[in-house]
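Here are a few friendly notes to help you find your way around. Please have the model open as you read.

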Amino acid sequence: MGGTQDALAGAASGAAGMAVGHPLDTIKTRIQTAPRGQYTSALHCARLTVAERGVRGGLMAGVTFPVIAKAADKAVHFGARQERASGPSVQAVAGASSGVLASFITCPAELIKVQMQLGSERSTERGALACARNIIRVQGWAGLWYGIGATAARDGPAIATWLVSYDLVTKGVKKVSSELFPQRDGTGAFEAVLAGGTAGTIAWCCSFPFDMVKSKIQAVNLRETKASRPPPISSVARAVIQDGGVRALYAGLGPCLLRAFPVNATIFATYETVKLLFCKN
């Protein structure tokens, strides 16, 4: 399968995965950026968010732009993946490099998403484009990449782990599946769902502290006040630990992992399905 077709299949999978997982991503972000003790659980956060802002303006706030950006993001990741050699080391390098490269797409999308997911006091404008315009008006164009360092630090290792885990789990599942069902060939929906969900869960467990730091950095109100340069990743991590201990770096991990399996199962199942359609044509 050619690189263009891999990228197109990746784009479709990224959009599908983001659409499935956005409500839980909103809960994760609100827990990560809230003062300690504001929410007692993910369910408590969800209830308050819906009560304050409704489903569309609360749990689904800022979904449109991330869906588009995630399509481009996964097009880069899967486009790099098709160049892999047989060993996991080459794929890890491809994943890390594509993760860092795609962070320049991901950062503006996640910045706008975070700004819109936060409380109603920041939601005077309507839509992602209005949010982006306000950030540019106050910060300049460079403001859209506020937090790019933390985004790249998260996504490089995360995508390397994600792609390597997917292939390793897929090989294991296919080995067992071939023994039970010798007539089957290729990566089917079962393998893609199980391996994709597992790979996503592993990747998020490894990268979550970086995501916490990124959310803290991007939670600054960039639409009204001119911001200085983002603080160093290490200083933000130290402040989080001083406030709540190492455990605080994992605040919001519950809804993240609850989201990780179905979202990544959707991503890889969509990718394998679209790839199969291309191969048949």
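**Notes on the surface patch and inner spaces**

1. Helix α7 gives the nonpolar patch its largest share, three residues. Helices here are DSSP runs (H or I, at least four residues), numbered from the N terminus. The patch covers about 320 Å² and is formed by Phe 190, Val 193, Leu 194 and Phe 261. To join a patch, residues need over 30% relative accessible area and no salt bridge (a side-chain nitrogen of Lys or Arg within 4 Å of a carboxyl oxygen of Asp or Glu); nonpolar side chains are joined within 5 Å.

2. This is a predicted model, in which local features need pLDDT of at least 70 and side-chain atom pairs count only at pLDDT 80 or more, while totals for chains, interfaces and linings use all residues. Residues are numbered from 1 along each chain as its sequence is written, and side-chain values use heavy atoms, leaving out hydrogens and water.

3. Leu 194 sits in helix α7. Its relative accessible area is 32%, so Leu 194 counts as partly exposed (between buried, under 20%, and exposed, over 50%; 1.4 Å probe, protein chains only).

4. Now for the cavities: on a 1 Å grid over the protein atoms alone, a cavity is a set of points where a 1.4 Å probe fits but cannot get out, and lining residues have an atom within 4 Å of a point. There are three cavities of 30 Å³ or more. The largest cavity holds about 380 Å³ of space. Among its 29 lining residues, Lys 70, Lys 74, Arg 154, Trp 204 and Arg 259 are the closest to its centre.

5. Helix α7 returns here, with seven residues, the largest share of the lining of the largest cavity.

Note on methods
Patches are made of residues with over 30% relative accessible area and no salt bridge: like charges are joined within 9 Å, nonpolar side chains (Val, Leu, Ile, Met, Phe, Trp, Tyr) within 5 Å. Accessible areas come from the Shrake-Rupley method with a 1.4 Å probe; for residues, only the protein chains shown count as cover. Helices (H or I, at least four residues) and strands (E, at least two) are DSSP runs, numbered from the N terminus. On a 1 Å grid over the protein atoms alone, a cavity is a set of points where a 1.4 Å probe fits but cannot get out, and a pocket is an open set with protein on both sides within 12 Å along at least five of seven lines; lining residues have an atom within 4 Å of a point. Grid points are joined across faces, edges and corners, and a volume is the space filled by probe spheres set on the points.
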